[in-house]
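Biologist: I'd like a hand reading this model. Can you walk me through it, one feature at a time?

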Amino acid sequence: MSAAFNGAKFCWMDGKVVETEQALVSAMEPIYLGIFEGIKAYKQEHLEGEGKLSVFSWDQHMERLWRSAAIDGLKIPYNRNVLLDGLRAVVMANDFKSNIYIQPRIWPRAEDHENVHVVIPVWKFNTILPSTNPEFSKKRRYMVSSWRRVSSDALPPQAKSWANYANSNLAAREAKRCGYDSALFLDNRGFVSEGTGACVMIVRDGRLITPPVTASILESVTRGLFLGFVPLDLGIPTEVRDLTRSELYAAEEVFLCGTGGEVTPISSVDDIVVGGEYPGPVTRRIADYYSEIIVGNLDKYRCRLTNL
Ligand code: PMP
């Protein structure tokens, strides 16, 4: 019996499917220099039969992976079709037929930083969507971290590099220690930045507002999608601008968005209860629209789906 990683017996490593327990690298590798992606594949409601999974926003995630590599001086020795074939092979080897999380990881080898390892682990996840799911409405108490988000003049947040998650880890651990569920970061100027693994959005006077890329955020695929469909399809005015900490307290609604957490409502920030109804009506509308998009129920967004 081999050890499984998050229930996955196989992963793809450096060009082939291998047993998870064989996916080994030397302790001498400079793993702190690695980059990665976080992607999801959802069971498609519009496709007949079992096991019809489609990757959501594959192209956008691949573009960011290559951007991260460019920022951190890494060269990916495969094109994105090779990675997609690798992903298909690993999904088949694991016989996954329900929703999966995909985390391509890349890091330089000790002997030659231009020569990288590429690994694609996959594992199952449970979604908290749609908004009728009781998990969605769970109260989530957040604090503003005493740690600032890594900034572009020190460690660029636009690269999805493991190093940035040491910063996230400090904030998440501080929040747990203080009895909160998790944390929101301010940037090095004192404006609202993002969560430890997701972007933040607020609703104020019926408008959706989210910080700009220059507020030390990761250029989120989900945020980009929301900035398109929220004004255009849902008719909700949307602004990208700096947010002050006090606007988190004064907001009608606060939520996080990202591939992993999808749409995650926040019920209080620094023990100040957000808005009235929880989760708020705008958060619910966005969450439910997104949950239709990812399972292929909206024709307009099928182009975002890549069948496995
Ligand atoms: N910010 C951080 C720090 C993240 O880790 C993530 C998750 N990748 C996001 C934002 C959201 O990005 P995306 O929508 O591309 O998943």
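**Loops, pockets and cavities**

Modeller: Let's start in a loop: Pro130 sits between strand S9 (122-124) and strand S10 (141-148). Keep in mind that this is a predicted model.

Biologist: Fine. What kind of peptide bond joins Leu129 and Pro130?

Modeller: The angle to look at is omega. Between Leu129 and Pro130 the bond is cis, with omega at about -5°. Another cis bond runs from Tyr278 to Pro279, where omega is near -15°. Pro279 is also a loop residue, placed between strand S19 (272-273) and helix H6 (281-294).

Biologist: And phi? Which value does Asp95 have?

Modeller: Asp95 has a phi near 55°, which is positive although the residue is not glycine. You'll find Asp95 in the loop that links helix H2 (80-94) and strand S6 (100-102).

Biologist: On to the ligand, then. Which residues around the ligand come nearest?

Modeller: A shell of 15 residues surrounds the ligand, and Tyr165, Glu194, Ser220, Thr222 and Thr259 come nearest. Sorted by class, that shell has 5 nonpolar, 6 polar and 4 charged residues.

Biologist: How do I spot the polar contacts in there?

Modeller: Look for N or O atoms on both sides, within 3.5 Å of each other. In the side chain of Tyr165, an N or O atom is 2.4 Å from an oxygen atom of the ligand. A polar side-chain atom of Arg64 lies 2.7 Å from a ligand oxygen atom. For Lys160, the partner is a nitrogen atom of the ligand, 2.8 Å from an N or O atom of the side chain.

Biologist: How much of the ligand's area does the protein bury?

Modeller: On its own the ligand exposes 380 Å², and the protein buries 96% of that.

Biologist: Now the empty space. What's the general idea?

Modeller: You roll a probe the size of a water molecule over the atoms, and that shows where empty space is left. Here, the largest pocket holds about 940 Å³ of space. Its lining has 41 residues, and Thr196, Gly197, Ala198, Gly260 and Gly261 are the closest to its centre. The ligand takes up the space of this largest pocket.

Biologist: Which helices and strands each supply at least two residues of the lining of the largest pocket?

Modeller: Three helices do: H1 (58-72), H3 (162-177) and H4 (221-232). The strands are S11 (182-186), S12 (192-195), S16 (253-258) and S17 (262-266). As for chemistry, the lining of the largest pocket divides into 13 nonpolar, 17 polar and 11 charged residues.

Biologist: What about the second largest pocket, and how much space lies in it?

Modeller: About 280 Å³. Phe5, Cys11, Thr20, Ala23, Val25 and Ile31 are among the residues lining the second largest pocket, and so are Tyr32, Arg105, Trp107, Val119, Pro121 and Trp162. By class that lining is 10 nonpolar, 1 polar and 1 charged.

Biologist: Then cavities. How many of 30 Å³ or more does a search of the whole structure find?

Modeller: There are 2. What sets a cavity apart is that the probe fits inside but cannot get out. About 70 Å³ of space lies in the largest cavity. Among its lining residues are Lys40, Tyr42, Phe56, Ser57, His61, Tyr290 and Arg304. Val221, Thr222, Leu225 and Thr259 line the largest cavity too.

Biologist: Which element gives the most to the lining of the largest cavity?

Modeller: H4 does, with 3 residues. The class split for the largest cavity is 5 nonpolar, 4 polar and 2 charged. Notice that Thr222 and Thr259 line this cavity and also belong to the residues nearest the ligand.

Biologist: That leaves the second largest cavity. What lines it?

Modeller: The second largest cavity has about 40 Å³ of space. Its lining is made of Glu252, Glu253, Val254, Pro265, Ile266, Val274, Glu277, Tyr278, Gly280 and Thr283. The elements giving two or more residues to that lining are S16 and S17. Counted by class, the second largest cavity has 5 nonpolar, 2 polar and 3 charged lining residues. You've met Tyr278 already, at the cis bond to Pro279.

Conventions. Residues numbered from 1 in each chain as written. Predicted model: local features only at pLDDT ≥ 70, side-chain atom pairs only at ≥ 80, totals over all residues. Heavy atoms only, no water. Near = heavy atom within 4 Å. Polar contact = N/O pair within 3.5 Å; in protein donor to acceptor, adjacent residues only side chain to side chain. Areas by Shrake-Rupley, 256 points an atom, 1.4 Å probe, with all protein chains shown as cover. 1 Å grid on protein atoms, 1.4 Å probe; cavity = no way out; pocket = protein on both sides within 12 Å on 5 of 7 lines; lining within 4 Å. Sits in = over half its atoms within 2 Å of the grid points. Nonpolar A, V, L, I, M, F, W, Y, C, P; charged D, E, K, R; others polar. Points joined across faces, edges and corners; volume = space filled by probe spheres on them. Helix = DSSP H or I, 4+ residues; strand = E, 2+ residues; numbered from the N terminus.
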